[in-house]
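Visitor: Please pick one spot in this model and take me through it closely. After that, I'd like to follow the trail into the rest of the structure.

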Amino acid sequence: MYVVMLGAPGSGKGTTAKILASKTNLPHISTGDMFREQIKNQTELGKLADSYISKGNLVPDEVTINIVKDRLSWEDTKNGVILDGFPRTVEQAEALDKILEEQGKKIDIVPELQITDEIIIERILNRVTCSNKECGEIYNTKFKPSKIEGVCDICGAKLVSRVDDNRETIKERLKTYYQNAAGIIEYYKQKGVLCPICPEDPTAEDASEQAVKAILEQRK
Ligand code: ADP
Ligand code: ZN
């Protein structure tokens with residue numbers, strides 16, 4: 001099963017992709033994670049990617065498409081993959097179809113997590129992160145609180161809010177997402193693989209599990 005996960009920042013897309021990958025035993029391929037890994041290892045690709053990412057820009061299609069193309073040539077992808085953060089442009093979506101077509105494969109389903117802006121804003125506003133850079137565990141004071149308020153369960157360091165997690169910037173980030181996503185959503189709708197997913201209760205602790213269940217039911 002070849003899956004492309006779509007969803008706004010804060011929609012739970014990454015968490016849902018991870019759970020789906022472990023349930024289906026398929027590799028979770030996140031271009032954001034791949035770039036961060038390259039940056040951490042200070043590779044040439046990492047330096048190039050960082051020059052865009054640190055400015056808040058997208059990494060050029062050519063670079064991004066190439067790393068995905070390489071990843072999709074690995075043996076572990078032959079039964080399917082869960083793509084997360086790719087494609088982000090229509091050009092990437094077209095390139096992905098071409099890569100899969102060469103292998104006799106195609107995208108089977110594109111779940112689009114539909115969470116209202118209000119809930120996303122609420123979630124992000126209540127998000128706190130462990131201040132210990134080595135740990136970085138993410139909590140939510142409402143939906144996933146730490147055992148002791150303001151203290152990391154794992155390492156005991158202080159929990160802090162991100163400076164860009166305020167109502168105004170979140171609205172801006174959501175606007176940018178919808179502007180960019182519109183083309184990709186339309187692209188997959190035309191192909192008949194788009195599948196809107198609304199978790200029954202998006203504020204519940206197991207909202208991502210609910211989304212995974214809905215995705216697996218759609219596949220049948
Ligand atoms: P976020 O959820 O903050 O958008 P990601 O982890 O998905 O973060 O990606 C981090 C950064 O990596 C993005 O802001 C972008 O600069 C770059 N990136 C990730 N995926 C892509 C992609 N498919 N095309 C271009 N740039 C990408
Ligand atoms: Zn911690």
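**A close look at Val 212**

Guide: Val 212 is buried, with a relative accessible area of 0% (buried means under 20%, exposed over 50%, partly exposed in between, using a 1.4 Å probe and protein chains only). Before we go on, keep in mind that this is a predicted model: local features need pLDDT of at least 70, side-chain atom pairs count only at pLDDT 80 or more, and totals for chains, interfaces and linings use all residues, while side-chain values use heavy atoms and leave out hydrogens and water. As for labels, residues are numbered from 1 along each chain as its sequence is written, and chains are lettered from A and ligands numbered from 1 in the order in which they are written.

Val 212 sits in helix α8, residues 207-219. Helices (H or I, at least four residues) and strands (E, at least two) are DSSP runs numbered from the N terminus. So who touches Val 212, once neighbours within four places in sequence are set aside? Its contacts (heavy atoms within 4.5 Å) are Thr 16, Ile 19, Leu 20 and Lys 23. Along the chain, Val 212 and Ala 21 are 191 residues apart, yet their C-alpha atoms are 9.6 Å apart in space.

From here, let's look at the cores. A nonpolar core is a set of buried Ala, Val, Leu, Ile, Met, Phe, Trp, Tyr and Cys residues joined through side-chain atoms within 4.5 Å. The largest one has 38 residues, and those touching the most other members are Val 4, Leu 6, Leu 72, Leu 96, Ile 107, Val 110 and Tyr 188. Elements giving two or more residues to this core are β1 (2-7), α4 (61-71), β3 (81-84), α5 (90-102), α6 (117-125) and α7 (167-191). Helix α7 supplies the largest share, 8 residues. Another core, of 17 residues, lies apart from this largest one, and Ala 17, Ile 19, Ala 21 and Leu 113 are among its members. You've met Ile 19 already: it was one of the contacts of Val 212.

Back in the largest core, take Leu 96. Beyond four places in sequence, Leu 96 is in contact with Val 4, Leu 72, Leu 83, Phe 86, Pro 87, Ile 107 and Tyr 188. Two names there deserve a stop. Phe 86 is in the loop between β3 and α5, and at 1% relative accessibility it counts as buried. With its own near-sequence neighbours (within four places) left aside, Phe 86 has contacts with Val 4, Thr 31, Thr 64, Ile 65, Val 68, Gln 92 and Leu 96. Its C-alpha lies 8.5 Å from that of Ile 29, although the two are 57 residues apart along the chain. Pro 87 is found in the loop between β3 and α5 too, and the peptide bond from Phe 86 to Pro 87 is cis, with omega near -5°. That stands out, because most peptide bonds are trans and most residues other than glycine have a negative phi.

Speaking of phi, two residues here go the other way. Asn 25 is not a glycine, but has a positive phi of about 65°; you'll find Asn 25 in the loop between α1 (13-24) and β2 (28-30), exposed at 69% relative accessibility. Gln 42 has a positive phi near 50°, lies in the loop between α2 and α3, and counts as exposed at 61%.

The two helices beside that loop, α2 (31-40) and α3 (44-53), pack at an angle of about 115° with their axes 7 Å apart. Here axes are lines fitted to C-alpha atoms over the stretch in contact, and angles run from 0 to 180 degrees between N-to-C directions. Phe 35, Gln 38 and Ile 39 of α2 meet Leu 45, Gly 46, Ala 49, Asp 50 and Ile 53 of α3.

Last stop, the zinc ion (ligand 2). Its protein donors (N, O and S atoms within 2.8 Å of the metal) are the SG atoms of Cys 130, Cys 135, Cys 152 and Cys 155, lying 2.3 Å from the ion. Why is the arrangement called tetrahedral? Because the 4 donor atoms subtend angles of 95 to 117°, and four donors count as tetrahedral if all angles lie between 85 and 135 degrees. Along the chain the donors follow the spacing C-x4-C-x16-C-x2-C. Cys 152 is buried at 4% relative accessible area, whereas Cys 155 is partly exposed at 34%.

Definitions and conventions
Donors = N, O, S within 2.8 Å, 3.2 Å for Na, K, Ca; no water. Tetrahedral: all angles 85-135°; square planar, octahedral: opposite > 155°, others 65-115°.
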